[in-house]
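I opened this entry to look up how the chains meet and where the nonpolar cores lie. My notes follow the structure.

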Amino acid sequence: MASGQILEANGLTKTIGGHRILKGLDFNVYRGQVIGLLGKNGAGKSTLMDVLLGFAIPTGGSCRVFGEDSARMRASTKARIGFVPQSDELMGLMTGAQHLALAASFYDNWNKELVQRLASDWQVPLDRRAGAMSGGERQKLATLMALGHRPELLVMDEPASGLDPVARRQFMRTILDIASDTSRAILYSSHIVGDIERTASHIWMMREGELVWRGELDQLKESVVRLQIRAAQTIDPALKLPGLLDLSVFGCTATATLRDWQPSRLAELERLTGADIEVEPLGLEDIFLAVQA
Amino acid sequence: MKTVAQVLRMVFWMQPMQRALLLFGGCLSIGLFWSGKAPPVVGVLIAVLLPVLTAGMFLRKLVAPRHAMLWPHGRGRLLVGTLGTIVVVTLLLVLGYGLEFIGAPPRYRPDTETYAMWYVLLFVLWSQCTISMFIASRSPAWALLVLIAWLLPGIVMRAIGAEDVPRLLTGPAGIAVAAVMWIVFIGWFLTVRRIGDARWRMREGAVAVNAQLGPLPATREIAMQRWLLNSGTPLSIGLQWAIAAIVLVAVQLAIPRMIGGDSPPRWVTAMMFGTLSLGAAAVGALSWTIAKRSRWLWLTAGRSRPELFGWCEQLMLKTALAVMLPLALLALLMWYFLHSRPVLPPAYLLLAMVAPVLAAGWFGLMQISRRIALDVLAAGILVAGWYFGLILPLFGNRPDPRWELVFAELAFVVLLRGLAYGRWRAADWPRVQPKPTFD
């Protein structure tokens with residue numbers, strides 16, 4: 001295992017009911033990385049997390065967490081991981097405090113002060129039964145249960161989907177606090193692209209069980225751009241451009257979204273098409289839509 | 001140890017009902033100890049009733065979530081906690097048993113061997129109970145399987161011609177069965193990848209979808225009924241309860257025959273009729289569900305609150321009829337063909353069985369909103385009426401109908417109906433919370 005490496009997957013495949021949900025994924029996760037996992041519904045994000053954490057056994061390939069097979073992790077390895085599921089799996093009859101006390105009983109390094117501070121900041125009603133809490137409060141409680149032992153790897157499946165904007169902002173600030181500790185790594189999925197854009201250092205994009213993009217956020221933003229093309233003559237709708245993701249032609253003007261962009265290619269493209277080309281940077285949401293199209 | 005303490009706290013002290021029973025049972029056992037009117041162990045039994053019945057279910061609820069799979073030694077610790085519950089419960093019962101003999105002449109006091117025997121026997125029994133509840137909490141089908149498994153050792157022993165089966169089952173063979181059961185259970189529990197959550201209740205989302213997309217043309221009334229009855233119909237619910245009652249009665253009939261015991265037929269008869277009266281619990285649970293789910297119909301049903309109450313009340317009565325008719329038919333069959341006839345007059349029996357059903361029905365509808373003190377009082381009266389009006393006379397040695405009690409129960413039914421109607425009229429709809437789920 002390379003230094004600082006927490007997760008490692010090679011040819012990771014998962015088939016459920018004859019459907020290949022994950023199709024031979026290869027990746028590594030290192031300390032200090034905050035990875036935002038993007039993908040449409042059914043892209044395989046939750047299954048990927050299930051396999052990463054040993055909840056499900058991969059059909060093919062391998063997945064190692066802290067150097068151990070994810071399906072056979074020792075207790076000491078499990079103690080280094082925190083997980084927030086997509087739909088909280090709390091017991092409706094137990095209060096928030098009882099949930100936390102139970103979770104704390106499994107760890108020697110449970111940070112009670114941290115949990116109390118976060119519970120207070122996030123306004124989690126710890127004296128209330130989970131069944132009587134709102135969806136957002138339950139989600140916050142589930143997150144507290146995953147954070148109390150200061151995990152080195154924090155995996156969260158759409159952790160902020162049920163939170164209001166204020167709570168989401170607080171939550172993201174906490175994620176950034178954790179991320180500032182370079183000995184930890186965070187992998188989380190979300191449909192709120194803005195949150196990922198604000199917090200993630202790396203982006204993974206999934207489409208139909210494959211990782212179609214994996215890299216740093218800045219690198220992604222630099223490599224996927226939109227070109228505004230203005231030509232003297234009508235532009236061919238079947239215009240072929242290297243790395244073309246999307247093309248809309250309106251007579252003499254066209255809009256093209258390209259991947260693997262390098263600024264040095266601009267002059268070459270202008271010469272090839274005989275048109276004026278303007279390069280526009282894209283936000284993560286636009287990039288996501290273009291890549292998923 | 002920290003986890004064990006948490007599990008014990010959860011099983012004994014987490015809910016108000018647990019705390020109330022524990023305190024009440026404790027006080028009762030002390031009172032009985034001082035008064036000497038009954039064995040103090042009765043109080044202890046009340047105190048530990050919920051832990052005994054719920055430890056297995058709690059275990060499933062605790063290990064089923066995915067985050068529990070990441071707790072270091074999570075399953076092992078929770079299992080030890082559950083075992084700790086069984087140990088504590090058994091210890092308390094043996095102590096309760098011993099209380100009776102404090103101050104007795106030495107020759108009447110049980111020796112250490114007797115205490116040890118009681119401890120082992122109770123430990124075996126609670127073990128079986130806990131594992132059974134763990135399995136049965138998965139789904140109704142598993143519950144039926146557990147019921148069969150409980151009878152299996154008796155059947156096998158009878159089949160192989162073992163003599164004095166009851167003694168064997170409570171002796172070394174019983175301990176061996178329990179030991180094997182624990183070994184198999186622990187082996188499975190610690191190695192299986194995922195342990196499923198309880199699936200006794202249909203998921204809310206699934207019900208909502210079924211309510212809209214069910215196989216029948218969904219008129220508003222049909223859709224409302226599907227929503228309120230968890231996708232069921234009065235007929236299907238009645239059928240389910242009829243099957244459950246037939247199984248339970250058959251088991252009760254079979255037990256004495258299988259283990260070769262000579263239980264008095266009167267006792268078995270009383271037990272069977274007592275079982276049929278549990279239809280009241282089914283009706284109560286259903287009407288409770290109806291009340292809790294009705295909030296979603298406030299806008300969509302197009303009815304005023306009293307109208308919606310009337311409609312839900314009708315549905316409750318239809319369901320109660322569907323549950324009780326097969327049970328009544330079963331009672332008639334038992335009466336005429338099996339000659340299982342309780343000592344009570346038929347008219348009394350009928351009224352004493354119907355009154356708790358109706359009371360439970362309207363008590364459930366009352367739960368549209370809560371008044372804790374009043375609800376606890378009403379539930380207490382309901383259970384007391386059922387117990388003193390039906391169960392005690394059923395198990396009595398001679399015909400001793402308590403007509404005054406049954407008529408009081410019927411008056412109580414009218415009162416509950418009035419209370420339910422009042423609560424529906426005054427219901428602050430947006431604030432009514434759905435029933436908390438285990439999921």
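I looked first at the contact between the chains and found 24 residues of chain A in contact with 22 residues of chain B, where contact means C-beta atoms, placed from the backbone, within 7 Å of each other. On the chain A side, the elements giving two or more residues are α2 (75-78), β6 (81-84), α3 (96-104) and α5 (135-147), with helices (H or I, at least four residues) and strands (E, at least two) taken as DSSP runs numbered from the N terminus. By class I noted 16 nonpolar, five polar and three charged residues on that side, counting Ala, Val, Leu, Ile, Met, Phe, Trp, Tyr, Cys and Pro as nonpolar, Asp, Glu, Lys and Arg as charged, and the others, Gly among them, as polar.

The model is predicted, and local features need pLDDT of at least 70, side-chain atom pairs 80 or more, while totals for chains, interfaces and linings use all residues. Residues are numbered from 1 along each chain as its sequence is written, and chains are lettered from A in the order in which they are written.

For chain B I recorded 18 helices and zero strands. Of its 439 residues, 33% count as buried, that is, with 20 or more other C-beta atoms within 10 Å of their own.

I then turned to the nonpolar cores, sets of buried Ala, Val, Leu, Ile, Met, Phe, Trp, Tyr and Cys residues joined through C-beta atoms within 7 Å. The largest has 114 residues, with A:Leu52 and A:Val155 making the most contacts inside it; its largest share, ten residues, comes from helix α3 (residues 41-63) of chain B.

Definitions and conventions:
Buried ≥ 20, exposed ≤ 12 C-beta atoms within 10 Å, placed from the backbone. Contact = placed C-beta atoms within 7 Å.
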